[in-house]
Amino acid sequence: MTFATLTSGTIGRAIGPRWTLVVGATMLGLLIVIAIAPGVFSPYDPLAFDYQAIMQPPSAAHWFGTDNFGRDILSRTIWATRIDIQIAVFSTAFPLVFGTIVGTLTGYYGGWLDAIFGRLVDLVITFPFLVIVIAIVAVLGPGLFNMYIAVSAIGWVFYAQLVRAEIRVQKQSDYAAAARVLGYGEMRLIFRHLLPNAITPAIVYWMTDMALAILLGSSLGYLGLGAQPPTAEWGVIIAEGKNFMSTAWWISVFPGIAIVLAGVSFSMVGDGLADLFRRRR
Amino acid sequence: MNSAPQVPEPILSVRGLRVAFGTPRHELVAVDSVDFDVRPGEVLGLAGESGSGKSLTLRALLRLVRPPARVSGEVLWRGRDVLRMAEREVRGVRGGEIAMIFQEPMSALNPVLTVGTQIRENLEEHTDLDGAARQARAIELLDLVGIPAAKARIEDYPHQFSGGMRQRAMIAIALASEPQLLLADEPTTALDVTIQDQILKLILRLRRDLNMSVVLVTHDLGVIAQTCDRLTVMYAGRVAESGPVSEIFERPRHAYTLGLLNSVPRGGALRQPLSSIAGQPPSLANRAPGCAFAPRCPFVVADCSVAPPPLVDIAPMHGTACIQHRKVAQR
């Protein structure tokens, strides 16, 4: 059954045209539940070696198989969810908040503040994102915390750009003039009237950014700059399995699928939200 | 003993209002030497074609015209000069004592806040009512401006309202603080004719009930005839003529006012081509030294091109800036 027939059917009518949002949010909800209580779902200790069961293919006892130390891949993938969701949230929270505030103020006031910001943006986007992040992590030393610092130091710029552009548009609107005419103060005008109308693109981008953060976290984990072994993190697990790809494909493939699912669910929520906001206009 | 009817003191008195753009060397003067008064309970019409400076004048009154535009002159609001007030004081006047409604009810309401929230917000800013009282007052206001089932509609978003209802909602928000003066910038232009009429009647009724004054900016002389007590006609940023509506409509004393009135189609008359004023309004960058209307004026004499004629009183509360006003009156 294709999506077209699904969405035109009973279920499709029930969830309406917002199926991307519903499906994405459901998947995301599931991931969050797993991230909160991985112990409930994982059948084994993710760090426990089992020399009786090394490199076993997927079976009833080990659904996703085991690695070269006999660790259960399903359990490791489940526990990794916690780390990776944490990466998604921690490496985007500061950029979202800080970038939104900077974008709002530079967009509203313009002037020298805006000029400085513009040069800073130019500086940041000259370098490929991954290259600066790796450079910063290399200087600070590998590990998740330093990765958050590196991503936060750069990532806010993109939020600020989005919000700044939107605030500049909203600032000219009639309702902004109306709010000024009603004698409202500048802070009330900016944060209560303009910002809620300007933040939509940033929220949508945030969803995509969380997906990208997971990919980045996994990439850095793979390169040995992010989460450190034996911590179960999707990128780390994939890296551990890379030498056995021809004999034990399951070690790398299942965490890979988990990354894809997480990425897709964030993107779907982002798409669905964008759609929802457009409709409300 | 003086037997003349007592003229109440104006609550708003504008003197020599000037709005200029550009550099001091290449100054573009959009509004120049504008004088007018608004008395308590009066509806003043501000008429003129697009670009005559009427909307800009209205915005300058509340100091909404921002740099690089330069505003000078005097805007005396109950004795205090708005142009020289501290920012805090201006904010109390804006929305509190003087409210303003706009041309586009579609875009002048904040799309992400409910109508009720927007009314309550103004009450919160400008009155001492508590939460429950604000809610009750908000419903009362929506009811007052004629929104049916106000209680059920108050938590609706602006997009759930029709154009006419949005304009009513905007008026409700503006009136929340019980202003003494309502500035209406072409409030009916974006609405269809039947709704226009309802909104104008609403504004007139509210003026009476709340005892406020209204400045109504419009380019529609029909609207002025129907609603205004006095009229100020603007041309190229200056006041051309100012006086009681009935007097001006009966006997205009400025060549431009005459041209405007002649170009209004009249019901019952024979079908004939609409007469219009020949030529175009002058551009801002390129003003003649004398009367700005001189190049289009059928009554023009040599003196017209020397200096802009001053606004002179020709009757009580009736002024004109036309050298040829006697000739015009004889038409």
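In this predicted model, chain B holds an open sheet of four strands, arranged in the order β2-β1-β4-β5 with antiparallel pairing. The strands at the edges are β2 (27-38) and β5 (80-81) of chain B, each of which pairs on one side only. Inside the sheet, β1 (residues 12-22) and β4 (residues 70-77) of chain B run in the antiparallel sense and are joined over seven bridges; as an example of how residues face one another here, V19(B) stands opposite V71(B) in β4(B). In general, the strands of a sheet pair through backbone hydrogen bonds, and the pairing may be parallel or antiparallel.

How far the predictor trusts its own result can be read from a few scores. Chain B has a mean pLDDT of 83, with 95% of its residues reaching 70 or more, while the complex as a whole is given an ipTM of 0.71 and a pTM of 0.74. Where pLDDT is low, the predicted coordinates should not be read in detail.

Chain A is built from 13 helices and zero strands, and its C-alpha atoms fill a box of roughly 75 × 55 × 30 Å along the principal axes. Of the 281 residues in chain A, 44% are buried. When contacts in chain A between residues at least 6 apart in sequence are considered, 68% of them join residues at least 24 apart.

Three helices of chain A are set out below.

| Helix | Residues | Detail |
|---|---|---|
| α6(A) | 111-126 | end C-alpha atoms 23 Å apart |
| α10(A) | 186-198 | buried residues include I190(A) and L194(A) |
| α11(A) | 200-223 | 14 residues given to the largest nonpolar core |

For helix α6 of chain A, a rise of 1.5 Å a residue means that its 16 residues should span 22 Å, and the 23 Å between its end C-alpha atoms therefore agrees with this expectation. The same helix, α6(A), is hardly covered, since the count of buried residues among its 16 residues is one. Helix α10(A), by comparison, has I190(A), H193(A), L194(A), L195(A) and A198(A) as its buried residues, and these pack against α5 (73-109), α8 (144-171) and α9 (174-181) of chain A.

The largest nonpolar core has 167 residues, and those with the most contacts inside it are A172(B) and V215(B). Helix α11 of chain A gives the most to this core. Once its neighbours within four places in sequence are left aside, V215(B) is in contact with V38(B), L44(B), L46(B), L58(B), L183(B) and A184(B).

How values were computed: Residues are numbered from 1 along each chain as its sequence is written. Chains are lettered from A and ligands numbered from 1 in the order in which they are written. This is a predicted model: local features need pLDDT of at least 70, side-chain atom pairs count only at pLDDT 80 or more; totals for chains, interfaces and linings use all residues. Two strands pair if DSSP finds at least two bridges between them. Helices (H or I, at least four residues) and strands (E, at least two) are DSSP runs, numbered from the N terminus. pLDDT is the predictor's confidence in each residue, from 0 to 100. A residue is buried if 20 or more other C-beta atoms lie within 10 Å of its own, exposed if 12 or fewer, and partly exposed in between; C-beta atoms are placed from the backbone. Two residues are in contact if their C-beta atoms, placed from the backbone, lie within 7 Å. The expected span of a helix is 1.5 Å times one less than its number of residues. A nonpolar core is a set of buried Ala, Val, Leu, Ile, Met, Phe, Trp, Tyr and Cys residues joined through C-beta atoms within 7 Å.
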